[in-house]
Amino acid sequence: MSLIKLLPLAMVLVACSTAAPTPRPTPSPAESPTPSPTPSPTPSPTPRLGIGEVTFRVGEEEYRILITDVADLDIAQQLLDGEEAPRIPNGKIVRGVTGINEGWSWSIDPATLEFADMTTEVCDGLPSYVEDGSLTGDYFCPWSAEVIDVVTYTTTS
């Protein structure tokens with residue numbers, strides 16, 4: 001196509017692009033959408049948090065876990081009081097970070113801790129098995145663990 005034939009098309013495009021925009025009609029009050037009432041916010045219950053430590057005896061060895069969930073603190077206290085509750089502590093091992101687990105080179109991640117009625121045998125053992133690498137998995141769940149002390153630092157509701 002020659003340049004002369006494209007010239008009228010270019011003039012139309014320039015004219016359209018420089019034209020003033022068409023104003024939009026303003027809706028009348030009857031046409032305005034009525035906003036729906038916004039429900040007032042309902043306060044959600046504040047989650048209960050707990051911070052404490054639980055000491056376990058496994059065989060002749062002891063280890064400590066930091067507890068950050070109030071339900072886990074409650075279970076530990078029930079076990080200490082001799083009540084029925086899931087009794088096997090199960091949590092992810094954090095190697096190289098002692099935290100409150102003094103005397104060992106590892107700790108249990110409090111965010112992963114749960115008390116169970118049953119676990120797989122692969123995570124069962126003594127704290128020294130975690131220490132010396134005999135227990136090679138990521139979780140520690142000593143079946144014979146016994147709660148021997150519970151210390152609660154704070155509880156909020």
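These legends describe close-up views of one predicted model.

**View 1. The whole chain has three helices and seven strands**. From the N terminus on, the elements run α-β-β-α-β-β-β-α-β-β. The chain counts 157 residues, and 28% of them are buried. It exposes about 10800 Å². Carbon and sulfur atoms supply 59% of that area. Take the contacts between residues at least 6 apart in sequence: 62% of them join residues at least 24 apart.

**View 2. Cys123 and Cys141 form a disulfide**. The structure holds one such bond. A disulfide is a covalent bond between the sulfur atoms of two cysteines. Here the S to S distance is 1.6 Å in the model. The torsion about the S-S bond is about 85°, so the disulfide is right-handed. What does the pair tie together? Cys123 lies in the loop between strand E5 (114–116) and helix H3 (127–132). Cys141 lies in the loop between strand E6 (139–140) and strand E7 (146–156). The bond therefore ties together parts that are 18 residues apart in sequence. Cys123 is buried, and Cys141 is buried too.

**View 3. The largest nonpolar core has 23 residues**. Which members touch the most others? They are Phe56, Tyr63, Trp106 and Phe140. Several elements give two or more residues to this core: strand E1 (49–58), strand E2 (61–69), helix H2 (70–80), strand E4 (106–108) and E7. H2 gives the most, with four residues. In soluble globular proteins, nonpolar side chains tend to be buried together.

**View 4. Aromatic rings pair up around Tyr63**. The structure holds six aromatic pairs. One of them joins Phe56 and Tyr63, and this pair is stacked. The ring centres lie 5.3 Å apart, with 20° between the planes. Phe56 and Tyr63 are both buried. Another pair joins Tyr63 and Trp106, and this one is tilted. Its values are 5.7 Å centre to centre and 40° between the planes. Tyr63 sits in strand E2 and Trp106 in strand E4. The two residues are 43 apart, and their pair links distant parts of the chain. Trp106 is buried, as is Tyr63.

**View 5. Ring pairs build a cluster**. Which residues does it contain? The linked residues are Phe56, Tyr63, Trp104, Trp106, Phe115 and Phe140.

**View 6. Tyr63 has many kinds of neighbour, listed here without those within four places in sequence**. Its contacts include the aromatic residues Phe56, Trp104, Trp106 and Phe140. Val54, Val58 and Ile108 are also among them. So are Pro89, Pro127 and Pro142. Thr55 and Asn101 complete the list.

**View 7. Asn101 is a buried loop residue**. Asn101 lies in the loop between strand E3 (88–95) and E4. Why does Asn101 count as buried? Its relative accessible area is 0%, and buried means under 20%. A polar atom of the Asn101 side chain lies 2.9 Å from the backbone nitrogen of Arg64. Leaving aside neighbours within four places in sequence, Asn101 is in contact with Tyr63, Arg64, Trp106 and Ser107.

Key. Residues numbered from 1 in each chain as written. Predicted model: local features only at pLDDT ≥ 70, side-chain atom pairs only at ≥ 80, totals over all residues. Heavy atoms only, no water. Disulfide = S-S within 2.5 Å. Buried < 20%, exposed > 50% of the residue type's maximum accessible area, 1.4 Å probe, protein only. Core = buried A, V, L, I, M, F, W, Y, C linked by side-chain atoms within 4.5 Å. Contact = heavy atoms within 4.5 Å. Phe/Tyr/Trp six-rings, centres within 6.5 Å; stacked < 30°, edge-to-face > 60°. Areas by Shrake-Rupley, 256 points an atom, 1.4 Å probe, with all protein chains shown as cover. Polar contact = N/O pair within 3.5 Å; in protein donor to acceptor, adjacent residues only side chain to side chain.
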